[in-house]
Amino acid sequence: MKLASADAPARLRAATAALGTLLLPDALARAVPTGGDLVIIPFDALAYVPFAALPAPGDTVPLGTHYAVRYAPSLRALAAAEARRPDP
């Protein structure tokens with residue numbers, strides 16, 4: 001039984017690149033400086049997407065390499081967590 005075709009890795013790279021571009025458009029990626037925080041507040045099934053593993057727009061390395069990817073369940077929860085965060 002053949003589990004994967006020879007072009008499966010290329011198709012996977014193309015699919016993840018397309019998903020990364022769809023979920024993090026170039027304009028948004030340019031607005032967040034490299035090394036900055038990228039807070040993801042996923043809705044519904046998007047909570048299962050590993051955003052940090054998706055390739056950055058126009059690149060082949062994962063978003064987690066360019067940004068400090070954080071997740072929050074809602075803006076309210078993010079604001080509450082930020083308010084409890086000690087000053088550096």
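**Exercise 1. Find which residue stands opposite Asp37 in β2.**

Solution. Start with the strands: β1 covers residues 37-40 and β2 covers residues 68-71. Strands here are DSSP runs (E, at least two residues), as helices are (H or I, at least four), numbered from the N terminus. Next, look across from Asp37, and you meet Ala68 in β2. Finally, check the pairing, which requires at least two DSSP bridges between the strands: β1 and β2 are parallel and joined by four bridges.

A word on the model: it is predicted, with local features needing pLDDT of at least 70 and side-chain atom pairs counting only at pLDDT 80 or more, while totals for chains, interfaces and linings use all residues. Residues are numbered from 1 along each chain as its sequence is written, and side-chain values use heavy atoms, leaving out hydrogens and water.

**Exercise 2. Sort the side chains of β1 by the face they point to.**

Solution. Recall first that side chains in a regular strand alternate between the two faces of the sheet. Now apply this to β1: Leu38 and Ile40 share one face and are buried, whereas Asp37 and Val39 point to the other and are not buried. Buried means under 20% relative accessible area, exposed over 50%, and partly exposed in between (1.4 Å probe, protein chains only).

**Exercise 3. Place Leu38 and Ile40 in the largest nonpolar core.**

Solution. Such a core is a set of buried Ala, Val, Leu, Ile, Met, Phe, Trp, Tyr and Cys residues joined through side-chain atoms within 4.5 Å. The largest one has twelve residues, among them Leu38, Ile40, Phe51 and Leu63. Then follow Leu63: beyond residues up to four places away in sequence, its contacts (heavy atoms within 4.5 Å) include Leu24, Phe51 and Val69.

**Exercise 4. Compare Asp26 and Arg30: is each exposed or partly exposed?**

Solution. Both belong to helix α2: Asp26 and Arg30. Asp26 has 42% relative accessibility, so Asp26 counts as partly exposed. Arg30 reaches 65%, so Arg30 counts as exposed. To finish, look at distances: the C-alpha atoms of Asp26 and Pro55 are 12 Å apart, with their positions 29 residues apart in sequence. For Arg30 and Leu78, 48 residues apart along the chain, the C-alpha separation is 22 Å.

**Exercise 5. Work out what is unusual about the phi of Asp44.**

Solution. Begin with the general rule: most residues other than glycine have a negative phi. Asp44 is not a glycine, yet its phi is positive, about 55 degrees. Now locate Asp44: it sits in the loop between β1 and α3. Last, check its surroundings: Asp44 has a relative accessible area of 62%, so Asp44 is exposed.
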